[in-house]
Amino acid sequence: METKRAFFLEAYKLGIIKFGRFTLKSGIESPFYVDLRPLASDPKILKHLSNYLLEMLPLDNFDLICGVPYAALPMATAMSLESYIPLIIKRKEAKAYGTKKLIEGIFQKGQNCLLVEDVITSGKSLLETIDEVENEGLNVSDIVVVLDRQQGGREKLQEKGYNVHTLFTISEVVEILKEEKQLTDDEVERINDFLNGNTVTFEEKKKVRYEEKLKNIDHPVATKLLETALQKRSNLIASADVITTQELLDFAEVVGPHIAALKTHIDIISDFDYDKTIIPLIDIASKHNFLLMEDRKFGDIGNTQELQFSHGVYKIANWADMVTAHAIGGSKALEGFHNAGIITILGMSSQGTLTDAHYREETMKIIINEPNVMGCVAQNQIQDDLLLFTPGVNISAEGDSKGQQYNTPEHVFKNLHTDFIIVGRGIYKADDIEQAALTYKTRGWQAYEAAIS
Ligand code: 5BU
């Protein structure tokens, strides 16, 4: 079996712990948020997890296994399957009819039952479950917990005489993530502060206004984009991920009045023809006053990027006001995008992306003195002298089946201080495309105004 640390890093990729600013049920602000339910969606991880939990335990002591509902139910089930210790199920509420049972399954009074819990915080929900299990005449001596949030729960249960076995503590995982450069020193400090019982304060920085950004950012394309946003009261960039010229032009015509820019993936247009695709697109862009952003995500050495930018059938250099590029080729590689504004990929919106804190830090070092870079695509706040573009915005979906993860316009303006939202399927898949563009335009602008005030 892989090491416990490697196991944790695999599991972490499922999004079980998030760092940022979260308001807990109690109203307390926390710098992290734990939800272990996604573990059940990866059978291999769930199986490994159950083996790790079983390894810690004196298995001969137990006649039964019971998970605290709901998150620990699949864990308890997997442990039962691996150990052949029978499972019982505790209901959250007693059945309102029939037997009114709280515990389901086959058991006898006097048997010893192992309790399984995903996360222990104050220990309150575990104590309730223990009470209910003991009321059925069962004994509880041991509790096994995947993650200890270190907020007193473990100690409380131990004082009452229970053996508490925990696989990970939050300090341990923070240490692992720090070593893996997934967390910055500031984040670690805030988490430790929180764990030491201090009320943590989050710096309340207001989002910088477009007028202010206009003063701070020199790039001519950034200026044009900001001026367009202010004139049209729109920070919306519509992503035209359609596959024919006709669809692209129709889409541009309909959303044109409501957007600051149109984002293309020009290489997905099946019937691309420079004269029939690009020339009319340029006309529509100038008629409705929006910019063109080609989301090419260049990622090669400078010479190749320069060729890809200017030549081939797409001749991106002729028409794109902005292009996206990875910083992976180093700063010199970014020098060939002559008049276009470069938007560097700092962080991606998809699940499991490699763009962790360390990647982002290194990317920043590369782009910081690069005059052609006008901004970044990212899912986190960035410095004020760059524009922040955030894709992964959708009002009615949480994600797709291919790893995309969505936030609302309100979330990204308030928490990330985004400057421009990028919306694809939320608009081009809508029944009424113009109405959808208007909705995102309005919500984006209102969210911007709320974030600056
Ligand atoms: P959607 O339909 O709103 O999910 O489309 C999002 C668009 O933004 C799509 O064209 C992606 O290629 C693009 N995108 C993204 O979604 N996430 C990223 O991190 C980057 C680009 Br970079």
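In which strand is the place of D142? In this predicted model, D142 belongs to strand β7, which covers residues 142–148.

**View 1. The surroundings of D142, a residue of strand β7.** D142 is buried but has no salt bridge. R154 carries the nearest side chain of opposite charge, and that side chain is 11 Å away. A salt bridge needs the two charged groups within 4 Å, so R154 does not form one with D142. The side chain of D142 does make polar contacts with other side chains: one with S141, at 2.6 Å, and one with H165, at 2.7 Å. Apart from residues up to four places away in sequence, D142 touches P58, F62, C113, L114, L115, N163 and H165.

**View 2. The largest nonpolar core, with 79 residues.** In soluble globular proteins, nonpolar side chains tend to be buried together. Within this core, L225, L262, M322, F389 and I427 have the most contacts. Helix α17 (residues 433–452) supplies the largest share of the core, eight residues. L225 is in contact with A260, A261, L291, M322, M374, L387, F389 and F420, leaving aside neighbours within four places in sequence.

**View 3. A second, separate core of 46 residues.** Among its members are F8, Y52, F62 and L177. F62 is also one of the residues that D142 touches.

**View 4. The ligand and the 16 residues around it.** D241, K263, S349, Y406 and R425 come nearest. Oxygen atoms of the ligand also lie close to polar atoms of the protein: a side-chain N or O atom of S239 is 3.1 Å from a ligand oxygen, and a polar side-chain atom of H265 is 2.9 Å from one. For G424, a backbone N or O atom lies 2.9 Å from an oxygen atom of the ligand.

Methods:
Residues numbered from 1 in each chain as written. Predicted model: local features only at pLDDT ≥ 70, side-chain atom pairs only at ≥ 80, totals over all residues. Heavy atoms only, no water. Helix = DSSP H or I, 4+ residues; strand = E, 2+ residues; numbered from the N terminus. Buried < 20%, exposed > 50% of the residue type's maximum accessible area, 1.4 Å probe, protein only. Lys, Arg positive; Asp, Glu negative; His and termini not counted. Polar contact = N/O pair within 3.5 Å; in protein donor to acceptor, adjacent residues only side chain to side chain. Contact = heavy atoms within 4.5 Å. Core = buried A, V, L, I, M, F, W, Y, C linked by side-chain atoms within 4.5 Å. Near = heavy atom within 4 Å.
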